[in-house]
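User: Hi! I'm new to reading protein models, and I'd like to learn how the labels are earned. Could you go through them with me?

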Amino acid sequence: MQRKMVKWKPFNTLLKYKDILDIERNRSLIDKPVIMEDRITKIDNILKDANENTLVKVKYFNKGILFYITGNIKKVNEIEKYILINNTRIYYKNLIDIEII
């Protein structure tokens, strides 16, 4: 039993390295930007005017990272509060900016 513990001890440093990578990844994450009332109104108006196959450019927040996507709106689901662009589901609460191209 003791021999197995000694045999695998050098590989324990890889676990420490994984912890360091997790810390570095978490440092690069950002907080969700605060959206002012006028931008919320703008986003709401664009979503009301947009129909399927409207080409849009969207900036959204997900898990600490800002994403940008351009594509056609495939679906606007007002009940579950999301839009579908290029098979990517973006919830209203994660929208930062949207503009019609």
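**How the labels are earned**

Analyst: Happy to! Let's begin in a loop: asparagine 87 sits between strand S3 (82–85) and strand S4 (88–91). Please keep in mind that this is a predicted model.

User: What makes the phi of asparagine 87 worth a remark?

Analyst: Its sign. Most residues other than glycine have a negative phi. The phi of asparagine 87 is near 60 degrees, a positive value, and asparagine 87 is not a glycine.

User: Why is asparagine 87 called exposed?

Analyst: The label exposed needs a relative accessible area over 50%. Asparagine 87 has 65%, so it counts as exposed.

User: Which loop holds lysine 63, and what is its phi?

Analyst: Lysine 63 is in the loop between strand S1 (55–62) and strand S2 (65–77). Its phi is about 55 degrees, positive although lysine 63 is not a glycine. With 70% relative accessibility, lysine 63 is over the 50% cut-off and therefore exposed.

User: Now the charged side chains. How many salt bridges does the structure hold?

Analyst: There are 3 salt bridges. One of them joins aspartate 97 and lysine 42, at 3.1 Å from N to O. The pair links distant parts of the chain, since aspartate 97 belongs to strand S5 (residues 95–100) and lysine 42 to helix H3 (residues 37–49), 55 residues apart.

User: How do you know that aspartate 97 and lysine 42 form a salt bridge?

Analyst: The nitrogen of the lysine has to be within 4 Å of a carboxyl oxygen of the aspartate. The value here is 3.1 Å, so the pair passes. As for its surroundings, lysine 42 has a relative accessible area of 35%, which lies between 20% and 50%, so it is partly exposed.

User: Where do aspartate 44 and lysine 48 lie?

Analyst: Both are in helix H3, 4 residues apart, about one turn of the helix. Their closest N and O atoms are 3.3 Å apart, which is within 4 Å, so this pair is a salt bridge too. Aspartate 44 is partly exposed at 36%, whereas lysine 48 reaches 57% and counts as exposed.

User: Why is the contact of arginine 89 and glutamate 80 called a salt bridge?

Analyst: The N to O value is 3.9 Å, and the limit is 4 Å, so the pair qualifies. Arginine 89, at 44% relative accessibility, is partly exposed, and so is glutamate 80, at 46%.

User: What about rings? How many aromatic pairs are there?

Analyst: A search of the whole structure finds 2 aromatic pairs. In one of them, tyrosine 60 and phenylalanine 67 have ring centres 5.4 Å apart and planes at 25 degrees; planes under 30 degrees apart count as stacked, so this pair is stacked. Another pair is tyrosine 82 with tyrosine 91, 5.8 Å centre to centre with 65 degrees between the planes; that angle is over 60, so the pair is edge-to-face.

User: Is tyrosine 82 buried or exposed?

Analyst: Buried: its relative accessible area is 4%, and buried means under 20%. Tyrosine 60, at 11%, is buried by that cut-off as well. Their ring partners are partly exposed, phenylalanine 67 at 31% and tyrosine 91 at 30%.

User: Where does arginine 89 lie relative to tyrosine 82?

Analyst: Arginine 89 lies over the face of tyrosine 82, at 4.1 Å from the ring centre. That value is within the 6 Å that the label asks for. Arginine 89 thus appears in two places in our talk, since it also forms the salt bridge with glutamate 80.

Definitions and conventions. Residues are numbered from 1 along each chain as its sequence is written. This is a predicted model: local features need pLDDT of at least 70, side-chain atom pairs count only at pLDDT 80 or more; totals for chains, interfaces and linings use all residues. Side-chain values use heavy atoms; hydrogens and water are left out. Helices (H or I, at least four residues) and strands (E, at least two) are DSSP runs, numbered from the N terminus. Buried means under 20% relative accessible area, exposed over 50%, partly exposed in between (1.4 Å probe, protein chains only). Rings of Phe, Tyr and Trp (its six-membered ring) pair if their centres lie within 6.5 Å; planes under 30 degrees apart count as stacked, over 60 as edge-to-face and the rest as tilted. A charge sits over a ring if NZ of Lys or CZ of Arg is within 6 Å of the ring centre and within 35 degrees of the ring normal.
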